[in-house]
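Here are my notes on the empty spaces in this model and on one helix pair. Please read them with the structure open.

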Amino acid sequence: MVARQDICLRRLGEGWRAQEVGFHRLLSNDKVTVERLIEGWSEQTVSAVAGRHVLAIQDTSEITFATTPGRRRGLGEIGKGRGRGVLVHAMVAVDAASGGCLGLVAGSVYTRKGRIKTPHAKRALKDKESRRWIDTAVQAKSVLAEAATVIIVADRESDIYAEWATLPGGNVHLLTRVMHDRAVVGGGTLSKVAAALPFVATRRLELLATHKRAARKTEVSLRFGKVEVCRPDNPGAKGLPKSVSLNFVDVVELSPPASVEPVHWRLLTTHEVGDAATAWQIVDWYRRRWTIEQLFRLMKTHGLRLEDSQLASADVLIKLAAIATKAAVVILQLVQARDGQGGEPAGNAFSPSEIAVLDSLDASYQGRTVLQSNPHPRPSLAWAAWTIARLGGWDGYPSSKPPGPITLRHGLEYFRAIVKGWALRDVCMP
């Protein structure tokens, strides 16, 4: 599936019923566990992050599969009970300077077993689904041990006191958008402390399109400070320190367009924020969170179309989602590399033998003019992306629209077929 960038078992079987059945048996085998599949996510990432300043970005995506009341496929509720499916919680490693995706780090894939009657606020942390944010961050410390600095980035749901109190230390920091208006030492709340401070800088920002807003440009104002937040009074915080010292960055759109919800990002971090330049850097690191949204889009609507799978068992669909997550990362890396700005090596996504095949293909696609030639240095990831895009039907001209994820997916499928044939080139036929 990773090789052919496809999740359809019939197509993966290449017309052979035995191969299709073999894939089904593999995914249905109890010895093939989702935990071991997820361990394989980071095999190339470990070396790619060495010596770098890394943003470890995590988030959760709901993968909705079609069901009927008589065919639930063993899937639990998602989307506040409006659908059935699995949840993919993933963390990607991103170079803090370039924004290039270095690979998957850790995560979990699961389906809910049923509704829990005990209220969320009365449950211990170990009994909450939100525990995944902390568990994934703990795994990241091991996978990213060779990185120079690690900043774990997440959105509002990751604003958990236990995470602030236990995870940071050494070269590991946290950066999370605020969900809870926490009480602070000395009285008051985080929002009141921020509101009492003046704005110290303004900047133009380009806001990317989301499911809630259209892309647009705007001007935002910024203020920052230091707070000591108090331990909340709930079962999940028992035994933790009474307070934690954190820094906040408050970004506000003071003059939004009419009928548009204004931008307001209140960010908490363990990273030191001593001036406006550092505060803007924190904002830019948080904006890199869009990378993991791109990964989820490639798994669903813009690439592998995971939600179209007709496999009948929840256990099998969970394993399929784990493999699809790994496959989508390769497409993401090629999409990012296509303009040649990141400078990442092809080895981040391809093996030495595959790079050898790319060498031969690249030579055959070189045109007679500079405009028809691969402009990127070998063996960069951009160089590989140019050749893969040509295989997918892109014409290679700089004036043409850059190749998108669908083109790169088609090119990868064609490339993997060529690699398979290349491996057979020295086989003697009787």
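1. Start with the second largest pocket. This is a predicted model, and in it 21 residues line that pocket. Those nearest the pocket centre are His120, Lys128, Asp159, His180 and Asn234.

2. The volume of the second largest pocket is about 410 Å³. Its lining is mixed in class: 10 residues are nonpolar, 5 are polar and 6 are charged.

3. Next, the enclosed spaces. Cavities of 30 Å³ or more number 2 in this structure. The largest cavity has a volume of about 80 Å³, and the second largest cavity comes to about 30 Å³.

4. Which residues line the largest cavity? Trp41, Gln44 and Thr45 are among them. So are Leu102, Gly103 and Leu104. The lining is completed by Lys326, Val329, Val330, Gln333 and Asn348.

5. Two elements each give at least two residues to the lining of the largest cavity: strand β4 (101-110) and helix α10 (314-337). The top contributor is α10, with 4 residues. By class, this lining has 5 nonpolar, 5 polar and 1 charged residues.

6. Now the second largest cavity. Ala137, Ala140, Lys141 and Leu144 line it, together with Val150, Ile152 and Val172. Here α5 (131-143) and β5 (149-154) are the elements giving two or more residues. The most come from α5, with 3 residues.

7. How does the lining of the second largest cavity divide by class? It has 6 nonpolar residues, no polar ones and 1 charged.

8. Helix α10 deserves a second look. It packs with α9 (residues 290-299) at an angle of about 120°, and the two axes lie 8 Å apart. The crossing of α9 past α10 is right-handed.

9. Which residues make the contact between α9 and α10? From α9 come Thr291, Gln294, Leu295, Leu298 and Met299. From α10 come Ala321, Ala324, Thr325, Ala328, Val329, Ile331, Leu332 and Gln336. The contact residues of this helix pair comprise 9 nonpolar, 4 polar and no charged.

10. One residue to check on screen is Val329. Val329 is part of the lining of the largest cavity, and Val329 of α10 is also in the contact with α9.

Methods. Residues are numbered from 1 along each chain as its sequence is written. This is a predicted model: local features need pLDDT of at least 70, side-chain atom pairs count only at pLDDT 80 or more; totals for chains, interfaces and linings use all residues. Side-chain values use heavy atoms; hydrogens and water are left out. On a 1 Å grid over the protein atoms alone, a cavity is a set of points where a 1.4 Å probe fits but cannot get out, and a pocket is an open set with protein on both sides within 12 Å along at least five of seven lines; lining residues have an atom within 4 Å of a point. Grid points are joined across faces, edges and corners, and a volume is the space filled by probe spheres set on the points. Ala, Val, Leu, Ile, Met, Phe, Trp, Tyr, Cys and Pro count as nonpolar, Asp, Glu, Lys and Arg as charged, and the others, Gly among them, as polar. Axes are lines fitted to C-alpha atoms, for helices over the stretch in contact, and angles run from 0 to 180 degrees between N-to-C directions. A crossing is left-handed if the near helix is turned anticlockwise from the far one by less than a right angle, and right-handed if clockwise. Contact means heavy atoms within 4.5 Å.
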